[in-house]
Amino acid sequence: IDFLVSKNEYDLSAKILSDHNYKPVSDLDFLYPQYRHHPRLINDDYIAAVEIHKDMIIEKYASEFNYEAIKNRIILNNGFSVLSYDDQKTLSIVSNQINEYGFDYKTIGLKNAYDFLLLNSKELGTDFTSRFNKLKTPILCFLASVNYMFGGVGIDVHNNKKVKSHLKQFKSLLHSSHKRKIYSRIIGIKLFLVKRLKVISKSFVNKEYRVWLFKRISDRRWQREKLVQLKLKKPINN
């Protein structure tokens, strides 16, 4: 269960759960700096794990879609607070297109597409994209892809060159497994290198990143994992 809190309540939320016998799933003693959510927590008396989020999206786009941006549209229902329909639509899209890199891979998640279509049937319209700048193109590309696959979105992309180009490539990859495999491999390598270089560059100027990086590469489990990936060691059978 994911839930969102303001940044000034983030540490307090973790403390409250800890006081009620919630504990981290992982026993790692080092956490990725400034990550958008707290490590997953579990309680032996309950079935679901929980994640406390201070952000809903990766750092690059967080300034456009965050707690401050959605708090005035929150829906209160029987004592529970949930995102507005427009914000639920946005979250269903960006969690796949941005956080899971669907926009880069030119793919869509079927679950995310289905969630969007259900939400859109409750409150029809695509004007919720108008308040975004950096996020607008990835969202419109997702909508165009969903409209191509399932229809019912009601969006015209013919006047948007970026979306038209994205949709053309989406169709090409969708209908060719060979192209899709090659493209996916290339994008995977690109994203891997970009993320690693970002961490290394930040470690030069930020002590928090520097400490995390040192602990990460010193961790025996991480070392074994990389050796297995490089086929220098055999995986441990469970």
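S165 is found in helix α7. This is a predicted model, so please hear every value as computed from it. At 46% relative accessibility, S165 counts as partly exposed, because that class lies between the 20% and 50% cut-offs. Its C-alpha is 9.2 Å from the C-alpha of C141, and the two residues are 24 apart in sequence.

Staying with α7, which covers residues 161-174, the next item is its neighbour α8, residues 177-205. Two packed helices are described by the angle between their axes and the distance between the axes. For α7 and α8, the axes cross at roughly 115 degrees and come within 6 Å. Which residues in α7 meet α8? They are Q169, S172, L173 and L174, and on the α8 side the partners are K179, R180 and Y183. Sorted by class, this contact has three nonpolar, two polar and two charged residues.

Now the whole protein. There are 238 residues, and 35% of them are buried. The secondary structure comes to ten helices and six strands. If we take contacts between residues at least 6 apart in sequence, 56% of these join residues at least 24 apart.

Next, helix α1, residues 10-19. Its buried residues are Y10, S13, A14 and L17. Why do they sit on the same side of α1? They cover an arc of only 100 degrees around the axis, and that puts them on one side. As background, an α-helix has 3.6 residues a turn, so residues three or four places apart point the same way. The buried residues of α1 pack against three strands, namely β1 at 2-4, β3 at 41-42 and β4 at 51-53.

After α1 comes N21, in the loop that leads from α1 to β2, residues 23-24. Phi of N21 is positive, near 70 degrees, and the residue is not a glycine. N21 is exposed, with a relative accessible area of 58%, because the cut-off for that class is over 50%.

K106 is another non-glycine residue with a positive phi, in this case about 60 degrees. K106 lies in the loop between α4, residues 102-105, and α5. Is K106 buried or exposed? K106 is buried, because its relative accessible area is 15% and the cut-off is under 20%.

On to strand β1, where we find F3. F3 counts as partly exposed, at 29% relative accessibility. Leaving out residues up to four places away in sequence, F3 touches L17, V50, E51, I52 and H53. One of these, L17, is among the buried residues of α1. F3 and S81 are 78 residues apart in sequence, while their C-alpha atoms are 9.6 Å apart in space.

F3 also brings us to a pocket. The second largest pocket has a volume of about 1,000 Å³. It is lined by 31 residues, and those closest to its centre are I1, D2, F3, L4 and L91. Which elements each supply at least two residues of this lining? They are the strands β1, β4 and β6 (80-82), together with the helices α2 (67-70), α3 (85-97) and α5 (110-122). By class, the lining residues divide into 16 nonpolar, eight polar and seven charged.

To go back over two points: β1 and β4 pack against the buried residues of α1, and both strands also contribute to the lining of the second largest pocket. That is the end of my part.

Terms used: Residues numbered from 1 in each chain as written. Predicted model: local features only at pLDDT ≥ 70, side-chain atom pairs only at ≥ 80, totals over all residues. Heavy atoms only, no water. Buried < 20%, exposed > 50% of the residue type's maximum accessible area, 1.4 Å probe, protein only. Helix = DSSP H or I, 4+ residues; strand = E, 2+ residues; numbered from the N terminus. Arc of directions from axis to C-beta. Contact = heavy atoms within 4.5 Å. 1 Å grid on protein atoms, 1.4 Å probe; cavity = no way out; pocket = protein on both sides within 12 Å on 5 of 7 lines; lining within 4 Å. Points joined across faces, edges and corners; volume = space filled by probe spheres on them. Nonpolar A, V, L, I, M, F, W, Y, C, P; charged D, E, K, R; others polar. Axes fitted to C-alpha atoms, helices over the stretch in contact; angles between N-to-C directions.
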